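Me: Hi! Could you walk me through a structure? I'm new to this, so plain words please.

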Amino acid sequence: AYTPSRVDMNLYLRDVVGVTRFLDALPEIIEIRFLKPRAYYVKTKALHHSQTMVSETETEIVFRYWLIPNPELETEILSYGADAEVLTPEGLRERIKIVVAQMWGKFE
């Protein structure tokens, strides 16, 4: 038998990209640098509704997010390849760095 959920899914998933939300996790400030011209794409197609622009130079744009890091966010960041760099938080930056190192190992 189907039992409808009493959880407001819009509220529950508000602070994540995708659907994976770790129970005890809290949102944190995430900053990602995107190189131009790819940064223009991210500017018009935000990764998340919390996206704000922190700074812009001739070659890059830094965006800030208020999110819970999760696997879907990591996948999204990795999809931008060398055009994206996680600046903060350090834990997310390290996880991306590990995945990139593992990928590099497959191509050596």
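Reply: Happy to! One term to begin with: a polar contact is a pair of N or O atoms within 3.5 Å; within protein, one must be able to donate a hydrogen and the other to accept it, and residues adjacent in sequence count only if both atoms are side-chain atoms. This is a predicted model, where local features need pLDDT of at least 70 and side-chain atom pairs 80 or more, while totals for chains, interfaces and linings use all residues. Residues are numbered from 1 along each chain as its sequence is written, and side-chain values use heavy atoms, leaving out hydrogens and water.

Me: Cool. What does the side chain of serine 50 reach?

Reply: The backbone nitrogen of tryptophan 66, at 3.0 Å.

Me: And is serine 50 buried or exposed?

Reply: Buried, because its relative accessible area is 17% (buried means under 20%, exposed over 50%, partly exposed in between, with a 1.4 Å probe and protein chains only).

Me: New topic: which aromatic pair does phenylalanine 34 form?

Reply: Phenylalanine 34 pairs edge-to-face with tyrosine 80, at 5.2 Å centre to centre and 80 degrees between the planes. Rings of Phe, Tyr and Trp (its six-membered ring) pair if their centres lie within 6.5 Å; planes under 30 degrees apart are stacked, over 60 edge-to-face, the rest tilted.

Me: Why do both count as buried?

Reply: Phenylalanine 34 does because its relative accessibility is 0%, and tyrosine 80 because its value is 6%.

Me: Which residues make up the ring cluster?

Reply: Ring pairs link Phe34, Phe63 and Tyr80.
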